[in-house]
Structure formats: C-alpha cells, structure tokens
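Could you take me on a walk through this model, telling me what to select at each stop and what I will find there? I have it open in my viewer and am happy to click along.

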Amino acid sequence: MLCSDSPLKGVAGITARDDFSAIEVRELRKRYGDMTAVDGISFRVEPGELFGFLGPNGAGKTTTVNILTGVSLPTAGSASVFGHDVVKDPFRAREAINVVPEVSNAYPEYTAWSNLMFTASLYGVHRGEAEQRAEELLRAFGLHDKRKVKVKGFSQGMRRKLVIAMALINRPRVLFMDEPTTGLDVQSVLSIREMVRDLNRSGITIFLTTHNLNEANILCDRVAIINRGKIVAIDTPENLKSAARRVQAVEVSFDRMSPETEVEVASLAGIKEVSRRGDKLRLLTDDPSAAVSALARFAGERYLAISYINTPGPSLEDVFIQLTGTGTSTSRGGDR
Amino acid sequence: MIAEALSPERLGKELRRALVIAGKDIRIYCLKPPVLLFGLVFPFFLFLAFFVGKRGPIEEGIPGLICISVFFASSNIAPAGMPFERMTKTFSRYLSAPLSLTWMVFGKTLAGFFFGVAVSVIPLLVGIIGYGTSVTSPGLLILALLAGGMCFSCLGTLVGSMPTEAPGNAMTVLNFVRLPLLFMSGIFVTLEEMPAWARGLAAVSPLTYANDLLRRGTGFAGYYGWWLDLLVLLLYATAFFFIAAWIFNLSRRRS
C-alpha cells in the first residue's frame, strides 16, 4: 500500500483532458507469415480509464501491447495515443506513455536509484526534477532504504515495485501494465493492486493486461476480452456478467466430499457443468431453484450435510469461458 | 512530422538520449568477462604471439597493436550487450522510449566507439614509453583512432543486431568475422611485402586502412593516401550502421 504522502495523488499534468481518446485502435492487424496474431481489432480507451485486456494464452494480448508501445510494428491498421499515431508519430506517442512489462526488466547491475535516473534521462526528465521524483517514488513504494542496493539483490516483489516506479518517473499519461501481479506473493499482489488503484485515481489512464479474471473484475472500469486475435466483448465487468445471466451459478459444499460426489452432482438433472473450487463445487445451471432442490434431495439420499450453499450469479470467469470457449488457466505461459 | 523530426530541438533531445544509452552501456558492459577477454586480453596476446614468432622489432608493430586494440574493443560492446538485453527484456525499454530506432542504434554504437578509443590509449602509451614510438602527425593519429573506432563499433553494432538472446552466439559470429578481417589486413605482414593477390584481399578489410592511417600518424610510411584511408573507413562505418538499423527495424516488424 502506498504511504499517505503518496506522490501519485494530484500529479501535475497527467489529469489534463484532451479531445482525443487516450488510446484508439482501428482495424489493427498483425500477421506472422500465415498466422494471424491480431485480426483487425478496434477499440477506444478514454482518458482516466482503467481498461482491462483479457484473453487466454496466445490470444494476441501481448502482441497488441507491443504494437501500442512501439516494441513491434503492425501489419495493417492504426493505433494512436492521445491522437499521436504510434507508427507515424512515435516520438510524441511514446512521450505520453510508459510500460510495466510482464518481466521486471530493471538493470540488475544498477542500483534502484541508478535505474530510476537512467529511465528519467531516457524520457528527457531534467536532472533536478528526476531526483526529486525518484525520492518521492522510492518512498511511496517502500524502497527508499534500498535505493543504493543493486537490483540483483532484490526480491521479485521489490523488483516489480521498482519497475512500476521506473514507469512513473516521466509522469506518463497512459501506463501499460502487462500482468503486473504475476508470480508475486499475496502481500505483494494486494500492495500492487492498491498502487494500481491509486495511480488510476491520480488521473493516469491504465491499460492492464491480465490473465487474472478476479483482478480485472475488482480493478477495471471496462474489460475487453480477446480470443484468437479478435475482440469478442468489451464492456464493464458487471454488464458482461449480466449478459451471461442466462447461465446461473450455484456453489455448494458438503461435509464429506469425494471425486465421486463431483461426478454424481454433475449427473443431476439441469446441471450443465460442475467445477471444483477448493472445498466447494461450482455448478452452472439454467434453473438455480431446481438445482438447489436437486442438491437437497441428493444430500438426503447420500446422508450428506450441506455445509454451504450460495447462488452468486455468474462470475467474470464464467463469462470468459462462455465467450472464449476455454477454461481459465492459472499456468504461466508465453503469450503472443 | 518529418520537419519536426529534423528540428534542432528534436535532434538535440535524441542525441542526449543516445548519449544516455552509450553511458549506460559503458558502465554496465565494460567489465563484463566477454568484453574484457575478447576486447583487451585476446588482442594483446594475439599481437605478442605474432611478433615473437616473427622476431621483428616490436616498435614497428606498435601501430598494429593500437589498431588491433581499437578493433577488438570497439566491436565488442554491442555484441556482448545486446543479446543479454534481449534475454533480460531490457532491450524493449529503448523501443518503447521516445527515441527513434536510428538514434538508439547510434547510442549503442557510441558506447563501442568511446570504449575503443579509450582502450587505444593503453598501447599508445606502451609504445611511447616503452618503445620510443613518436607521434609525428597527431592529427592523422586522432583521425585514425576516431574513424577506426567508429567503423569497428558499427561492425559490432551490425553483429549485435542479429536477433539472438545468447551473447555466446553473437561473440562467435563476431570472431568469425573479425579474425579473417584481421589476418587479411596489412597488420602482421605489411602491404609492401604481400603478393598482389593478398594485397587485393587486404583492400577489402577496413583494418588495412585504419592501420595505414595509424602508421602515418606514428612516423611510418603509408601505402594508400590518408584521405583514401579515411574515406574507406567512413564508407564502411556508414554501411555497417545503416545495415544494422535496417536489421533492427526488420526484427521489430517481425516481432
């Protein structure tokens, strides 16, 4: 969590509104030989928005981010940041952004301080301003004590925080964050999510790429779901869930659970799909009321006690599975 | 947009950022083992081995030693650093920074150039203090170091543009290119002593021209005119640089 004197609040210059969208993507396409990684996608991100970009491995998320940040060039279509085309006017477009890549790519041979100073110089931040900003960021991210320590001695969580601090040194108007919490311990994940919220509150537009549906659900104003290079849905998390309400969910837990219980529950009338979530079973059904009755009968016949039952409605994960036709994966893999 | 890209303000910004990259590369990569081994130790022992075997006066070989040092040191930084940066994903920092690809490549090249020119001072001092080398034409000597350093650094950048994440791969390719260029040049056997076919081959190596210019600067006779030496070095530098920039852009298009 950020300190109370966070320098991220009321950052000068970054809350200004333009006539342009923060990000505008039009018919963007990227091909690698015969394979199409991004297939004519279009979307807009408005200034100040926290925009989630979701998709399974290989869906085209990282390719899209790479094009938007200048790491890669599109095969066709266009994209702009605050009206500056990322291919035709890359200098201006990149002055407005910074990136937190999936890999914490601080220079291990440099200290935290040197990494911040190098990034500041690369973005043309004047020395005095850069030093002041670096001090503020190191304090805000709890790294001030480690400012003279080489990054190769940092933990994963500290590296991640440093890379986020490096991405803020030039006061970007748009921040691209690619899987910012992947591979971190729970405490670091919560801390970084809080930072993301604070950054967004301070006026920075955030483009968040994530596999983590819960993260997108609790952080994002809007979410785009990309699958096989095409955008299959863009809306707020709640609207996406509402659109999927024709499939309802029921969660149940019995006092005794075995693999057979899961199979037997799946065979009950009206149950479309069952998945195990820790000590609970999550059931998808068209008729939750009938499903609850069937579960009560099933428990009675098997002498099982229902220790928990709930009808939470569809999660973003259910929407995701419906739209992409894939299960969610907690495994880490190289996205295109 | 082109006018803006060529405005003095923009060019000043890009040059400063290229210098930032060069400074960072010098600080990080100068002390890396491949740079020290192939940039400083290897050329020194290579030179010693040849001149001990030849049993000629070492002082005659000092311009050659300076040339080999600049050659190996200048061309070493980019191939040692760039694959490592691709592996650690730090390379993408340049691509998403407000800096054109050409200036990024220039920054990478400057690092090798500064390192090579700085390293050349060591054999020069060894020659002056230990073997009585006299700098008869300081202007030509400086021109030789600057043009040679830039040419060889551009060669290093060209090899570094190879899209590999393994520094060992880039160093292998670099040595595969460097050693033939070294042996076919007029460093170990002077151009006058070479048969005509070998002289023709030597004319292909940029080292021949850097060595020729260095010999002129240190009181020895040259083979080509100094202006031709300089022109060829600059032409090679320009060709290496723009081919490297083209390969970087191609990699970006394909990534």
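Start by selecting Gly52(A) and Leu208(A): Leu208(A), in strand E8 of chain A, is the bridge partner of Gly52(A). Helices (H or I, at least four residues) and strands (E, at least two) are DSSP runs, numbered from the N terminus. This is a predicted model, in which local features need pLDDT of at least 70 and side-chain atom pairs count only at pLDDT 80 or more, while totals for chains, interfaces and linings use all residues. Residues are numbered from 1 along each chain as its sequence is written, and chains are lettered from A and ligands numbered from 1 in the order in which they are written.

Now widen the selection to residues 50-54 of chain A, strand E3, which pairs with E8(A) in the parallel sense over 5 bridges. (Two strands pair if DSSP finds at least two bridges between them.) Next add strand E7(A), residues 174-178, which also runs parallel to E8(A), with 5 bridges. Here Met177(A) has Leu208(A) as its bridge partner.

Colour E8(A), residues 205-210: 6 of its 6 residues are buried, meaning that 20 or more other C-beta atoms, placed from the backbone, lie within 10 Å of a residue's own (exposed is 12 or fewer, partly exposed in between). Thr205(A), Phe207(A) and Thr209(A) point one way, and Ile206(A), Leu208(A) and Thr210(A) the other.

Which residues have the most contacts inside the largest nonpolar core? Select Leu162(A), Ala165(A), Ile169(A), Phe176(A), Ile206(A), Cys151(B) and Ala210(B); the core has 154 residues. Such a core is a set of buried Ala, Val, Leu, Ile, Met, Phe, Trp, Tyr and Cys residues joined through C-beta atoms within 7 Å. Helix H8 of chain B, residues 138-160, gives the most to this core, with 13 residues.

Zoom in on Cys151(B), which touches Pro206(B), Ala210(B), Leu233(B), Tyr236(B) and Ala237(B), leaving out residues up to four places away in sequence. Contact here means C-beta atoms, placed from the backbone, within 7 Å.

Then look between the chains, where 22 residues of chain A are in contact with 20 residues of chain B. On the chain A side, helices H2 (90-95) and H3 (112-122) each supply at least two residues.

For a last stop, pick Leu46(B), in helix H3 of chain B, residues 33-54. Is Leu46(B) buried or partly exposed? Leu46(B) is partly exposed, because 16 other C-beta atoms lie within 10 Å. Draw a C-alpha to C-alpha distance to Ile68(B): 9.1 Å in space, for 22 residues apart in sequence.

Terms used
Contact = placed C-beta atoms within 7 Å.
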